[in-house]
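Here are my notes on this structure, written as numbered points so that you can follow along in your viewer. I start with one residue and work outwards.

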Amino acid sequence: MRIFSKNEMYNIDQETMEKIGLNNGMLMENAGQAVAREIESRIKKNDKIIVIAGKGNNGGDGVVIARILKERGFSIELWMSHKGGSVAEDAQRALKIYENCGHSYKIYEENEEAFQISLKKSTVIVDALLGIGTKGKVRGPYRNIIEEMNEINKIIYAVDIPSGLNADKGEVDVAIKAHTTFVIQGAKQGAFLFPSANFYGGIKTVDIGIPSSVIEQNSYVKRRWSKNEVLSSLPHRDISSHKGTYGRALMIAGSENMPGAAVLSSKAASRSGVGLLTIGIIENIKSIIGSHLPEAMYNLHQSHQGMLSEVKDYSSLQLDAIGIGPGIGRNKETEKIVEEILKQQVTLVLDADALFHVKPHLQKVKERRFPTILTPHPGEMASLLDLSIKEVESDRFEKSREFAQTYGIYLVLKGPFTIVTTPSGEQFVNSSGNPALAKGGSGDVLTGMILGSVLQYENVQKALSNAVFIHGAIADQLVASTHSPLDVLATDIIEGISPLLHELYREKEYSTGY
Ligand SMILES: NC(=O)C1=CN([C@@H]2O[C@H](COP(=O)(O)OP(=O)(O)OC[C@H]3O[C@@H](n4cnc5c(N)ncnc54)[C@H](OP(=O)(O)O)[C@@H]3O)[C@@H](O)[C@H]2O)[C@@H](O)CC1
Ligand SMILES: Nc1ncnc2c1ncn2[C@@H]1O[C@H](COP(=O)(O)OP(=O)(O)O)[C@@H](O)[C@H]1O
Ligand SMILES: [K+]
């Protein structure tokens, strides 16, 4: 599923008209036809269906839908929010065609009470009031109509966007609570931001025939990353491979107060395919960690001060990647370690306290020639950008892209719908996970999984997106089988890596023959 911003969608629309020659009326007809087909497969002949159309082009789509479904013999009442004169040109044309077919409609502005009665009698409502053109707070009759539709508690199918929502941002004033939203050509960003994502219900894309060349030239790549993408990109282990093939990684994590972060991140890295893992820790927590991971090697130091002197020369370890941050603490030594690590010519994964320390050194990050991966949660992202969490959360796509492009990094902005952004600005939105993950330690596990994963793939983005998907999918499976959303621990996620990978590889084998 492609994801678009409002401007991208308007540019795509414009170029389709100017360069391809499909005019807005044709696109509206295609959109209405496509959504009508989807709705038709979900309704019955005895349903009483109301289509409520606004005065913009979203309303025009609604008018086409009403006509098509009427022609197919369904019981349809079309309501326009406004009188004819104020309706957009192409929507007016759609309305004329509708009337030419011998159908009539009613106007909300003139019949508010009758509308309420019709709403009560209806079984299904099609919401074509407002689409991507919505700006600011909802005005005029729309506010009342939206509130009345929500109160009535019927099945609502929304066209393109649940009316009232902003296409790009997560904030909500008042909006339709949809059962399903039929998104035109692709979802709009707001479908993956909160709280607006809560209003969409199920999302189904309808294709209105916009040429892919126009889409590619007028939008950034933004896609949902789901199980199919994971299955088609899981790495294959060659029969002649050996442990060196799968990389040498170092995980610098943990401190006296947070030894567990080292256990969680290292164990998760081991379970995610690393050939050889070394754990960089301070000596007095070794006894806690060693029993958890006998497979690992250790790079022990009496203190972070001691670690710092060695960081300057890691060449003997022949590393391919370093993960740093979970639980290392925030002090002068750990900051210096992070600063030194940035000079290492290997893939880097920075999380937690390393994100705190990297902020004054972002220019050095920009100069790096090897992949640098930052995995902030919204709070860490906000602090890297000097913004509030709300400002980040409402605009996750743009904020991540700007940051990733400015510093040439891979960014994993965590949260529900984690977004992976590449240095060139391509974005991939995760589709797995649930609030069972909202618990201390699950981020540490993800860091380990990412460190393990990057060494298994030639393509860093696929490695990141797959690690994020698998992390979330484990939590989904636990909640669906043996756990509740309350009791999933970070260690349960680690224990879930093997069963999930096993299942994915079996499925891949089944579908691709190897
Ligand atoms: N390729 C495509 O993308 C295609 C897209 N198509 C469809 O077009 C839709 C976009 O249509 P659109 O641009 O006409 O905007 P739309 O959402 O109908 O709203 C505009 C109207 O709402 C009003 N209004 C705005 N804010 C408001 C507020 N806060 N409170 C109250 N009113 C507000 C605004 O009023 P104004 O500000 O002008 O006074 C204007 O009248 C898109 O979502 C898709 O369904 C297909 O038909 C064809 C191909
Ligand atoms: N409501 C949620 N739905 C899906 N995933 C979530 C949710 N809340 C948290 N997560 C995931 O859990 C992980 C939490 O990471 P983080 O905040 O760094 O945790 P910690 O620092 O406590 O280990 C991230 O991968 C995040 O995407
Ligand atoms: K709508």
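1. Let's begin with Asp-127, which counts as buried because it has 31 C-beta neighbours inside 10 Å. The cut-offs are these: a residue is buried if 20 or more other C-beta atoms lie within 10 Å of its own, exposed if 12 or fewer, and partly exposed in between, with C-beta atoms placed from the backbone. Asp-127 is found in strand 5. Helices (H or I, at least four residues) and strands (E, at least two) are DSSP runs, numbered from the N terminus. Leaving aside neighbours within four places in sequence, Asp-127 is in contact with ten residues' worth of list that includes Ile-52, Met-149, Ser-163 and Ile-176; two residues are in contact if their C-beta atoms, placed from the backbone, lie within 7 Å.2. A word on what you are looking at: this is a predicted model, in which local features need pLDDT of at least 70, side-chain atom pairs count only at pLDDT 80 or more, and totals for chains, interfaces and linings use all residues. Residues are numbered from 1 along each chain as its sequence is written, while chains are lettered from A and ligands numbered from 1 in the order in which they are written.

3. Asp-127 also appears in a record: for "binding site", an unreviewed UniProt entry lists Asn-58, Asp-127 and Ser-163. These positions are spread over 106 residues of sequence, yet they cluster in space, with a largest C-alpha distance of 9.3 Å. Please keep in mind that UniProt positions are given in the numbering used here, feature names are shortened, and annotations may be inferred rather than shown by experiment.

4. Is Asn-58 buried or exposed? Asn-58 counts as buried, because 27 C-beta neighbours lie inside 10 Å. This residue lies in helix 3. Leaving aside neighbours within four places in sequence, the contacts of Asn-58 include Ala-128, Gly-131, Gly-133 and Asp-160.

5. Asn-58 leads us to ligand 1, which is surrounded by 33 residues, the closest being Gly-56, Asn-57, Asn-58, Gly-131 and Gly-133. Here, a residue is near a molecule if its C-beta atom, placed from the backbone, lies within 6 Å of it. Two or more residues of this shell come from each of helix 1 (6–20), helix 2 (24–40), helix 3 (57–71) and helix 6. Helix 3 gives the most, with five residues. By class, the shell around ligand 1 divides into 14 nonpolar, 12 polar and seven charged residues. Ala, Val, Leu, Ile, Met, Phe, Trp, Tyr, Cys and Pro count as nonpolar, Asp, Glu, Lys and Arg as charged, and the others, Gly among them, as polar.

6. Helix 6 deserves its own look. Its buried residues are Tyr-142, Ile-145, Ile-146 and Met-149. They cover an arc of only 100° around the axis, so they sit on the same side of helix 6; the arc is that of the directions from the helix axis to the C-beta atoms. As a reminder, an α-helix has 3.6 residues a turn, so residues three or four places apart point the same way. The cover over the buried residues of helix 6 includes strand 2 (48–53), helix 5 (112–121), strand 5 (124–128) and strand 6 (155–159). Just after helix 6, Asn-153 takes a positive phi of about 60°.

7. Within helix 6 (residues 140–152), try clicking on Ile-146. Ile-146 counts as buried because it has 23 C-beta neighbours inside 10 Å. Not counting residues up to four places away in sequence, Ile-146 touches residues including Val-138, Ser-163 and Ile-176.

8. Which helix supplies the largest share of the shell around ligand 2? Helix 18 does, with four residues. Helix 18 (442–454) and helix 19 (460–481) each supply at least two residues of that shell. Of the 19 residues around ligand 2, His-377, Gly-433, Leu-437, Ala-438 and Gly-443 come nearest. The shell around ligand 2 has six nonpolar, 11 polar and two charged residues.

9. Now zoom out. The chain is divided into domain 1 (3–219) and domain 2 (228–512), with bounds that come from an automatic or database domain assignment. The contact takes eight residues from domain 1 and eight residues from domain 2. The C-alpha centres of the two domains lie 41 Å apart. For "domain: YjeF C-terminal", an unreviewed UniProt entry lists residues 226–504.

10. Finally, the overall picture. The secondary structure of the chain comes to 20 helices and 19 strands, and 50% of its 514 residues count as buried. The C-alpha trace spans about 85 × 45 × 40 Å along its principal axes.
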